[in-house]
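Open the model in your viewer and show the side chains as sticks. This short tour goes from one ring to the next.

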Amino acid sequence: AAESHAVLCMALDWNGQVVEAVSAGIKATGIDPEYALGYAYLSEAYGDQGRPIDAMDMAQRAVELDGDDPLVRRNLGYAYEVSGKYREAIGEYKRVLEMNPNLGFVYIDIGRNYRVLAELTNAAEAFKRATEVDPGDAQAYVLYGSVAYAQGEYVEATQAFQSAIEIDPDYGVAHARLGLAFYMRRNWEEAIVHLEKGIELGDRAEENLVILGLCLSYLDECDRAIPWFEEALDINPSSPLAKQGLASCQ
């Protein structure tokens, strides 16, 4: 049935299998050309495939068929977003929340667009709302914490990342960001614990490696610090902080 192909399209897309998602979405719209969600999910898959014109085309067709379905509206917002029309996207996402204020992921959509527009206060507000509507979503806390961190609100950021870890103890990015927040608060010991954990769980961003090295060097543990500086320089040979760290240790 069209419905099962449409749901498959969404599931595959959210799982990163975009080509297969598009194919399932095309099947859904072929079986039932009047089924709005078939076009809506296909629109999102096209968006993730880097085809904004096709995404907009499908999203508008879905809205013509059923403009009162919140998920149809949400995917029109997403089509605007992948087209670089962030204000229009925010407008659609807000319309979705008027229909159903309990969709936590739509607050994340709004926050993401405000962040692209460099409106950090609005972004923080949207991400914080996502944590209130869906307190079990660890990602919402990380997004909120990351904006708080960017605004220099390190205590607030620390609390948000800790909340994410309580929900998902194996969330590598949350551990690494918590480590960075502790670093900004000059708590080297806690920073080391969480940066090591974040890196171990797969978040090997250059910044994490360098800051871990710096924390260790501040505690006179250069033998442990040097390998992190060297790994950071493998990623970015011109990293000034990694070079400084190495020099201070030698």
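Partly exposed means a relative accessible area between the buried limit, under 20%, and the exposed limit, over 50%. Keep that in mind for each stop. The model is predicted.

Start with the aromatic rings. The structure holds 4 aromatic pairs.

**Stop one: Trp-14 and Phe-105.** Select both. Their rings form an edge-to-face pair, with 6.3 Å from centre to centre and 70° between the planes. Now colour the helices. Trp-14 belongs to helix H1 (residues 2-14), and Phe-105 belongs to helix H7 (residues 104-116). The two residues are 91 apart, so this pair links distant parts of the chain. Turn on the surface. Trp-14 has 54% relative accessibility and is therefore exposed. Phe-105 is partly exposed, at 28%.

**Stop two: Trp-188 and Tyr-218.** Select these next. The ring centres lie 4.7 Å apart and the planes meet at 55°, so the pair is tilted. Find Trp-188 in helix H12 (residues 188-200) and Tyr-218 in helix H13 (residues 206-218). The pair ties together parts that are 30 residues apart in sequence. Which of the two rings should you look for below the surface? Trp-188 counts as buried, at 16% relative accessibility. Tyr-218 has 39% and is therefore partly exposed.

**Stop three: the cluster.** Keep Trp-188 and Tyr-218 selected and add Tyr-183. Ring pairs link these residues, Tyr-183, Trp-188 and Tyr-218, into a cluster.

Technical notes:
Residues are numbered from 1 along each chain as its sequence is written. This is a predicted model: local features need pLDDT of at least 70, side-chain atom pairs count only at pLDDT 80 or more; totals for chains, interfaces and linings use all residues. Side-chain values use heavy atoms; hydrogens and water are left out. Rings of Phe, Tyr and Trp (its six-membered ring) pair if their centres lie within 6.5 Å; planes under 30 degrees apart count as stacked, over 60 as edge-to-face and the rest as tilted. Helices (H or I, at least four residues) and strands (E, at least two) are DSSP runs, numbered from the N terminus. Buried means under 20% relative accessible area, exposed over 50%, partly exposed in between (1.4 Å probe, protein chains only).
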